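Ready for a walk through a protein? Open your viewer, keep the selection tool at hand, and follow along stop by stop.

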Amino acid sequence: MTEKKLFEINPQLDRVALAKQFAEKGRVQVRNVLTQETAREIQMILARATKWGMAIQAGDGPGIEPQSFRQEDLQAPGGAERVNEAAMAAHQASAKGDYAFRFAQYPILTAVQEGWDPGGPHELILEHINAPAFLDLVREITATPTLTKADGQASLYAANHYLGRHIDSHVAEGWRFAYVLNFAPENWHPDWGGYLLFLDDDGDVVEGFRPRFNALNLFAVPTTHMVSYVPPFAPMGRVAIVGWLRDK
């Protein structure tokens, strides 16, 4: 019996062309980045084997930190009320033009460090993201051979979720690029939102990437970007694995 693969880079990628695109703009979307078999395997893990919590932030002033709720927190007495209060605060911050966000998440790196699910599939995904095959692909595309490792979290944008405009100015020393491994449904409609948008200094959208199954978004940080609002009528969630790549 052949062992099932979890993560395999598509051998047909035109890495030279992708590197040229990245050099011109500082960002690129790599479509069909994994083999179809392994992309569907990860999509299934995200859909069926992920204990989604919530990540919420309301404003970005002194002392304001993002709030992270585990699935167990949501299910505990009063948990839903606390999340709803945090979400309302985020909406109020956004209404004033302050930085805020609200989306479902499973912090893979934290889960591995704290032993939430030893040997589980998310731990294996993080290992693959830090393995030579993936890191070498990113090194080639970004022309940055010094990249050493990546963190990662699973994210899910469902109805009423969004990520406000920001530049990732808070990233730690050595963080060079952000990545988004998309596993959204293949029929994701533009009306359903969840787009990764890049903006100029005047707030105009200069480029946007549709949530696309089996696509890798790569961009240099800091750069101004956001994830557009997912409306209540969107029937499915925009799932991805996201994080930063670093050279220190």
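**Stop 1: an enclosed space**

Begin with helix H5, which gives three residues to the lining of the largest cavity, the largest share of that lining. H5 covers residues 108–114. Keep in mind as you look that this is a predicted model.

Now select the whole lining: Tyr106, Ile108, Ala111, Val112, Asp117, Gly120, His122 and Glu123. The space they surround amounts to about 60 Å³. How many cavities of 30 Å³ or more does a search of the whole structure find? The search turns up one. Rolling a probe the size of a water molecule over the atoms shows where empty space is left.

Try colouring the lining by class: four residues are nonpolar, two are polar and two are charged. Helix H6 joins H5 here, as each of these helices supplies at least two residues of the lining.

While His122 is selected, add Leu46. In sequence these residues are 76 apart, but their C-alpha atoms are 8.7 Å apart in space. Leu46 belongs to helix H2, residues 36–48. Is Leu46 buried or exposed? Its relative accessibility is 1%, so Leu46 counts as buried.

**Stop 2: Tyr106 and its partner**

Go back to Tyr106, one of the cavity-lining residues, and show Trp116 as well. Their rings form an edge-to-face aromatic pair, with 5.7 Å from centre to centre and 75° between the planes. Because Tyr106 is in strand S4 while Trp116 is in the loop between H5 and H6 (121–129), the pair ties together parts that are ten residues apart in sequence.

Switch on a surface and compare the two. Tyr106 has a relative accessible area of 7%, so this residue is buried. For Trp116 the value is 22%, so Trp116 is partly exposed; the cut-off for buried is under 20%.

Next, add Arg70 to the view. Arg70 lies over the face of Trp116, at 3.6 Å from the ring centre.

**Stop 3: a pocket around these side chains**

Keep Arg70, Tyr106 and Trp116 on screen and add Lys51 and Glu72. These five lie nearest the centre of the second largest pocket, which has 16 lining residues. The volume of this pocket is about 210 Å³.

Which elements each supply at least two residues of this lining? They include strand S3 (67–69), helix H3 (71–75) and strand S4. Colour by class once again, and the pocket lining shows five nonpolar, seven polar and four charged residues.

**Stop 4: rings in a group**

Select Phe103 and Tyr157. Their ring centres are 5.0 Å apart and the planes meet at 25°, so this pair is stacked; planes under 30 degrees apart count that way. The two residues are 54 apart along the chain, with Phe103 in strand S4 (residues 100–106) and Tyr157 in strand S6 (residues 153–157), so the pair links distant parts of the chain. Both residues are buried.

Add Tyr99 and Phe101 to see the bigger group: ring pairs link these two with Phe103 and Tyr157 into a cluster. Then bring in Arg238, which sits over the face of Tyr157, at 4.9 Å from the ring centre. Across the whole structure, a search finds 13 aromatic pairs.

**Stop 5: three spots along the backbone**

Hide the side chains and look at the backbone. The peptide bond from Val221 to Pro222 is cis, with omega near 0°. You will find Pro222 in the loop between strand S11 (215–220) and strand S12 (225–227).

Move to Ala143, in the loop between helix H7 (132–142) and strand S5 (149–150). Its phi is near 55°, a positive value in a residue other than glycine. With 65% relative accessibility, Ala143 counts as exposed.

Asn160 also has a positive phi, near 75°, and is a residue other than glycine. Look for Asn160 in the loop between S6 and strand S7 (162–166). At 25% relative accessibility, Asn160 counts as partly exposed.

**Last stop: zoom out**

Show the whole chain as a cartoon. There are seven helices and 13 strands to pick out. The C-alpha trace spans about 50 × 45 × 40 Å along its principal axes. A compact globule of 248 residues would have a radius of gyration near 18 Å, and the chain agrees with its 18 Å. Of the 248 residues, 49% count as buried.

Definitions and conventions:
Residues are numbered from 1 along each chain as its sequence is written. This is a predicted model: local features need pLDDT of at least 70, side-chain atom pairs count only at pLDDT 80 or more; totals for chains, interfaces and linings use all residues. Side-chain values use heavy atoms; hydrogens and water are left out. Rings of Phe, Tyr and Trp (its six-membered ring) pair if their centres lie within 6.5 Å; planes under 30 degrees apart count as stacked, over 60 as edge-to-face and the rest as tilted. Helices (H or I, at least four residues) and strands (E, at least two) are DSSP runs, numbered from the N terminus. Buried means under 20% relative accessible area, exposed over 50%, partly exposed in between (1.4 Å probe, protein chains only). A charge sits over a ring if NZ of Lys or CZ of Arg is within 6 Å of the ring centre and within 35 degrees of the ring normal. On a 1 Å grid over the protein atoms alone, a cavity is a set of points where a 1.4 Å probe fits but cannot get out, and a pocket is an open set with protein on both sides within 12 Å along at least five of seven lines; lining residues have an atom within 4 Å of a point. Grid points are joined across faces, edges and corners, and a volume is the space filled by probe spheres set on the points. Ala, Val, Leu, Ile, Met, Phe, Trp, Tyr, Cys and Pro count as nonpolar, Asp, Glu, Lys and Arg as charged, and the others, Gly among them, as polar. The radius of gyration is taken over C-alpha atoms; the globule rule is 2.2 Å times the number of residues to the power 0.38.
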